[in-house]
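Hi everyone, thanks for letting me have the slot today. I'd like to walk you through one protein chain, going residue by residue where that helps. Here it is.

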Amino acid sequence: MRKPKDWGQPCPNPECTHYRRMQQGNVRAIATYLTQSGKRRVFRCRTCATHFAETRETVFFDLRTSEAKVMMALKMLLVRVDLAGVCFVLGVTQATVLAWLRRAAHQAAAINRHLLRALPVTQVQLDEMWNFIERQHARETDAAGESLPDGEDGRQGVWISFAPEFRLMIAAVVGPRTLDTAKAVVAATQARVAGIPAFLSDGFTCYLAALIAAFHIVTTFAPTGKRGRPRQPLYEPHPELVYGQLVKEKHQGTLRTLRTRVVLGAERLTRLGLTISTALVERVNLTLRQALAPLARKTSSFCKDRERLRQRVVFFQAFYNVARPHMSLRQPLPLQARTCHGAIRPRWRACTPAMAAGLTEHVWTFRELLTATFEPLDSQSISG
């Protein structure tokens with residue numbers, strides 16, 4: 001018998017029993033309509049009789065602008081073109097581009113939330129990249145001269161946790177260089193990795209407290225029956241926690257010495273055979289500065305709001321993981337697969353960090369990045 005075609009479209013009705021479920025056979029195409037971007041389909045859920053468009057709950061839903069123009073604007077934001085340049089080239093307003101960016105960042109956050117789960121990584125490199133919002137020096141600072149956690153101006157950092165074995169960006173957080181932001185980065189990393197990997201960073205002191213707050217064991221003490229205040233529970237680092245630092249000493253901007261230091265888990269670090277290094281996560285910092293205009297050094301294209309910078313970083317994180325092939329991850333093609341395409345005979349198979357980690361099976365197109373839909377986490381498999 002003829003089987004119904006799987007359109008990859010979940011029902012958007014929250015009251016439906018197949019809400020956001022895919023591959024259930026309840027969605028069928030009933031009509032088409034023409035847009036500036038071509039022909040689009042209208043679907044109907046057989047369970048609840050809800051009609052919905054093909055672009056519902058995507059970046060392109062209910063937009064009067066063509067999809068090609070929206071994708072062009074978002075691509076330009078990822079190749080170091082500032083906001084004013086995008087508006088000049090495409091003939092749109094800044095509010096329009098920022099609205100598209102907000103939708104793309106929301107879509108990227110959903111991709112990160114559904115794909116980055118239970119990652120089988122053995123080491124994680126942590127680093128923070130200096131940047132500023134609106135002005136280099138905030139109006140209100142703490143005792144150390146850093147911006148306040150709830151401040152919207154002044155010095156801000158782009159915090160990255162990176163899995164070097166897959167070249168995968170696990171978490172990206174924008175915030176001041178404080179302990180609270182370090183805890184947020186480590187907590188986001190903990191929620192997305194499986195087990196306790198080895199952590200490597202520079203000599204920033206807040207990482208140790210953040211790691212212990214996330215990976216620890218609690219020792220409680222029974223009451224002694226004696227007078228006085230009872231002994232408080234003791235928080236100790238987890239026995240499997242490994243933390244190494246690469247300490248750099250500079251003098252007037254010049255690197256003088258470079259030394260490594262094992263803070264926690266020296267025996268497990270030796271057993272894993274890992275080398276303390278942060279070279280790859282620092283290379284990602286360079287990639288970010290080359291890709292996003294607000295992160296370029298000595299630029300007038302800096303962000304005026306923390307949320308705008310966070311949206312750009314989160315959007316680039318999803319693009320970097322699933323749609324941007326990494327040259328160091330490419331795989332050689334078998335001889336029988338090296339067919340000629342004109343004068344070009346490809347020798348390599350492109351591979352993204354998500355493909356290397358087993359999260360996806362192909363390089364995503366840019367439109368697929370902006371229109372991907374997922375099932376609820378309680379019914380979705382890890383592999384996508």
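Let's begin with Thr287: is it buried or exposed? Thr287 has a relative accessible area of 11%, so it counts as buried; the cut-off for that word is under 20%. You'll find Thr287 in helix 7, which runs over residues 279-291. And what does Thr287 touch, once we skip residues up to four places away in sequence? The answer is Phe316, Tyr320 and Arg324.

One thing to say early: this is a predicted model, so please keep that in mind for everything that follows.

Now let me zoom out for a moment. The protein chain has 10 helices and 13 strands. Its C-alpha trace spans about 75 × 55 × 55 Å along the principal axes. Of the 384 residues, 44% are buried. If you take contacts between residues at least 6 apart in sequence, 60% of them join residues at least 24 apart. The accessible surface comes to about 20800 Å², and carbon and sulfur atoms account for 52% of it. On the charge side, there are 54 positive and 30 negative side chains, with the centres of the two sets 6 Å apart.

Next stop, strand 10, which covers residues 242-251. I picked two residues here. The first one I'll show is Gln245, which sits in that strand. Gln245 has 5% relative accessibility, so it is buried. Which side chains does the Gln245 side chain make polar contacts with? One is Tyr243, at 2.8 Å, and another is Arg261, at 2.4 Å. Leaving out neighbours within four places in sequence, Gln245 is in contact with a whole list of residues, including Ser201, Asp202, Gly203 and Phe204. Arg259, Thr260 and Ile276 are on that list too.

My other pick, Glu249, is also in strand 10. Glu249 has a relative accessible area of 36%, so we call it partly exposed. Its side chain is joined to that of Arg259 by a polar contact of 3.5 Å. Beyond residues up to four places away, Glu249 touches Thr254, Leu255, Arg256, Thr257 and Arg259. Here's a pair to look up on the screen: Glu249 and Gly203 are 46 residues apart in sequence, yet their C-alphas are 9.4 Å apart in space.

Okay, cysteines. How many disulfides do we count? Zero. Why is Cys11 not bonded to Cys48? Cys48 holds the closest cysteine sulfur to that of Cys11, but the distance is 3.5 Å, which is too far for a bond; the cut-off is 2.5 Å. Cys45 is in no disulfide either, and its nearest cysteine sulfur, the one in Cys11, is 3.7 Å away. As for where they sit, Cys11 is buried, at 1% relative accessible area, and Cys45 is buried as well, at 0% relative accessibility.

Let's move to helix 2, residues 83-90. Which of its residues are buried? They are Leu83, Gly85, Val86, Cys87 and Leu90. The cover over those buried residues includes helix 1 (67-77), helix 3 and helix 8 (306-322). Right after helix 2 comes Gly91, with a positive phi near 70 degrees.

Speaking of positive phi, two residues that are not glycine have it as well. Ala118 has a phi near 55 degrees. Ala118 is in the loop between helix 3 (94-115) and strand 4 (123-133), and with 42% relative accessibility it counts as partly exposed. Then there's Arg167, with a positive phi of about 55 degrees, in the loop between strand 5 (154-163) and strand 6 (168-175).

Last one: Pro332. It belongs to strand 12, residues 331-332. Is Pro332 buried or exposed? At 57% relative accessibility, Pro332 is exposed, since the cut-off for that is over 50%. Apart from neighbours within four places in sequence, Pro332 is in contact with Arg338, Arg347 and Trp348. Now find Arg308 on the screen: Pro332 and Arg308 are 24 residues apart in sequence, and their C-alphas are 39 Å apart in space.

That's my tour, thanks for listening!

Methods
Residues numbered from 1 in each chain as written. Predicted model: local features only at pLDDT ≥ 70, side-chain atom pairs only at ≥ 80, totals over all residues. Heavy atoms only, no water. Helix = DSSP H or I, 4+ residues; strand = E, 2+ residues; numbered from the N terminus. Buried < 20%, exposed > 50% of the residue type's maximum accessible area, 1.4 Å probe, protein only. Contact = heavy atoms within 4.5 Å. Areas by Shrake-Rupley, 256 points an atom, 1.4 Å probe, with all protein chains shown as cover. Lys, Arg positive; Asp, Glu negative; His and termini not counted. Charge placed at Lys NZ, Arg CZ, Asp CG, Glu CD. Polar contact = N/O pair within 3.5 Å; in protein donor to acceptor, adjacent residues only side chain to side chain.
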